[in-house]
Amino acid sequence: MQLRSGFLATLALSALAGTAQAADEIVVYSARIDELIKPVFDAYTAKTGTPIKFITDKEAPLLARLKAEGENTPADLLITVDAGNLWQAEQEGVLKPLKSSTIEANIPAQYRSSTGAWTGLSLRARTIFYSTERVKPEELSTYEALADKNWEGRLCLRTSKKVYNQSLTATLIEAHGAAKTEEIVKGWVNNLATDVFADDTALLQAIDAGQCDVGITNTYYYGRLAKQQPGLKVKPFWPNQADRGVHVNLSGAGVTQHAPHAEAAQQLLEWMTSAEAQSLFADVNQEYPANPAVKPSAEVAAWGAFKADSVPVEVAGKRQAEATKLMDRAGWN
């Protein structure tokens with residue numbers, strides 16, 4: 001009789017534990033704006049019946065929140081932008097390394113953490129944009145060439161405080177070493193037409209208005225602006241096609257280290273790498289799918305094909321601190 005009671009007690013505890021892990025709701029901390037990510041979550045809920053609660057904030061507050069909550073976090077998944085931020089989250093120990101044959105099959109290795117702690121979900125090229133009125137495409141060639149004297153007083157840049165530029169500089173360090181990269185960045189700073197911009201959209205508008213002739217921004221900002229302003233006198237140029245290729249970064253996600261519903265969160269993450277979800281990412285935000293089997297939207301495809309840099313994007317995180325110090329030394333505000 002005592003054995004039977006103990007057995008029943010064990011069963012009851014197991015049932016309670018199973019209930020605690022049931023994915024009646026998946027909680028996501030997201031650094032992406034609501035209108036970009038909500039259609040993806042809505043599609044998953046419609047498909048599976050699993051509700052998704054998402055809390056939106058900037059990257060740094062979300063990371064600080066996860067660290068402060070520790071084992072008590074309600075978050076199952078973290079979504080953020082730029083491999084530098086994802087790498088930082090991994091280093092801070094808030095993401096759980098995963099082994100997923102689904103993610104490995106859907107997303108190329110260069111767009112995933114080598115430990116499985118995060119994966120890219122959508123890609124963006126940080127490329128050169130130019131005035132169609134004052135610049136001929138044949139005048140352009142590489143990121144490095146924007147440091148040449150002929151671009152003096154003609155270049156626009158976004159602030160170095162933005163992680164997108166830190167990641168670009170990090171990959172330049174990977175390609176050229178610190179000394180050569182600092183020389184390039186100093187050349188960019190010397191060629192500035194005006195003070196650095198707070199965001200990419202303002203930079204593109206400055207090129208269109210004649211404030212500068214060329215600049216470096218993410219492609220999806222251009223996609224959004226071109227929809228709003230069909231007569232925009234700015235176009236993208238794909239640099240470094242004769243060598244390493246265009247700098248590509250990503251938005252991505254990882255299951256949190258103390259996810260209450262880790263298995264359900266992994267299933268959601270795996271689905272987000274599928275063709276169905278990847279098409280949503282591509283269409284909603286004018287981004288490139290991270291899954292190479294999925295085509296970009298017609299608008300994005302119209303910009304033309306390019307060779308992307310094959311360097312693993314986690315390099316952006318590994319060299320982020322070095323890149324930030326280098327940009328400071330070069331006078332990039």
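Hi everyone, this is a short look at how two domains meet in one protein, with a stop at a single glutamate.

A quick word on the ground rules: this is a predicted model, where local features need pLDDT of at least 70, side-chain atom pairs count only at pLDDT 80 or more, and totals for chains, interfaces and linings use all residues. Residues are numbered from 1 along each chain as its sequence is written, and side-chain values use heavy atoms, with hydrogens and water left out.

So, the layout. Domain 1 covers 26-123 + 249-298, and domain 2 covers 125-247 + 313-330; these bounds come from an automatic or database domain assignment. Their centres, taken over C-alpha atoms, are 27 Å apart.

How much area do domain 1 and domain 2 bury between them? About 1,500 Å², with 53% of it on carbon and sulfur atoms. Buried area here is the accessible area (1.4 Å probe) that two parts lose on being put together, summed over both. On the domain 1 side, Trp87, Asn249 and Gln286 lose the most, together 34% of what that side buries.

Now for contacts, meaning heavy atoms within 4.5 Å: 21 residues of domain 1 touch 17 residues of domain 2.

Finally, our glutamate. Beyond its neighbours within four places in sequence, Glu69 is in contact with Tyr29 and Pro74. Measuring along the chain instead, Ala301 sits 232 residues from Glu69, and their C-alpha atoms are separated by 42 Å.

That's my tour, thanks for listening!
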